[in-house]
Amino acid sequence: MTEQSTTSNGRQNTLVLAVDNDHSPQCGVPPAIVHRAGDGNYVGFFANSYGEQWVVEIDRQTKTGILRGGDIGWDTAIEIADGQVHGDLILGQDEKQWLAACWRAAMAGRPA
């Protein structure tokens, strides 16, 4: 199923990605993230080999972000700055590589 809407400038928007939550209800309600072209944010999704799902939102202007994952509870927001997780969260190697790739993509072409 394809969802479409029309923007204020008349462009047709079509949904690019929708992901089902694979976590149990005890993990909370997953974030409903809507990314709009030109809003300055980067959004990334990752599911590892165990089915653990992660979502990152990076604000390109402030160079900060929020990481959320089903296994840590969808309502837990982990702060990211300079591409690094702040807090006690320990990521596996796959998650670290994914997050680093997201950070590079979000910051590409931006001054350091």
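Which residues of S6 make up the covered face, and which the uncovered one? Before selecting them, note that this is a predicted model, in which local features need pLDDT of at least 70, side-chain atom pairs count only at pLDDT 80 or more, and totals for chains, interfaces and linings use all residues. Residues are numbered from 1 along each chain as its sequence is written, and side-chain values use heavy atoms, with hydrogens and water left out.

Begin with strand S6, residues 78–81, where strands (E, at least two residues) and helices (H or I, at least four) are DSSP runs numbered from the N terminus. Ile78 and Ile80 form its covered face, whereas Glu79 and Ala81 form the uncovered one.

Now select the whole sheet, which is open and has five strands in the order S3-S4-S5-S6-S7, with antiparallel pairing; two strands pair if DSSP finds at least two bridges between them. At the edges are S3 (41–47) and S7, each of which pairs on one side only.

Move next to S5, residues 64–69, where Gly65, Leu67 and Gly69 point to one face and are buried (under 20% relative accessible area with a 1.4 Å probe, protein chains only; exposed is over 50%, and partly exposed lies in between). Thr64, Ile66 and Arg68 point to the other face and are not buried. In a regular strand the side chains alternate between the two faces of the sheet.

From S5, look to its neighbours: six bridges join S5 to S4 (residues 53–59), and four join S5 to S6. Selecting Thr64 shows both sides, since Asp59 stands opposite Thr64, and so does Ala81 in S6. The hairpin of S4 and S5 has four residues between the strands, and there Lys63 takes a positive phi near 55°.

Go on to S7 (residues 84–85), which is joined to S6 by two bridges, with Val85 as the bridge partner of Ile80. Two residues lie between S6 and S7 in their hairpin, and Asp82 in the turn has a positive phi of about 55°.

Finally, select Glu95 in helix H1, residues 93–107. Glu95 is buried yet has no salt bridge (a side-chain nitrogen of Lys or Arg within 4 Å of a carboxyl oxygen of Asp or Glu). The nearest side chain of opposite charge, Lys96, is 8.6 Å away, where Lys and Arg count as positive, Asp and Glu as negative, and His and the chain ends are not counted. Leaving aside residues up to four places away in sequence, Glu95 touches Phe46, Asn48, Glu52 and Trp54, contact being heavy atoms within 4.5 Å.
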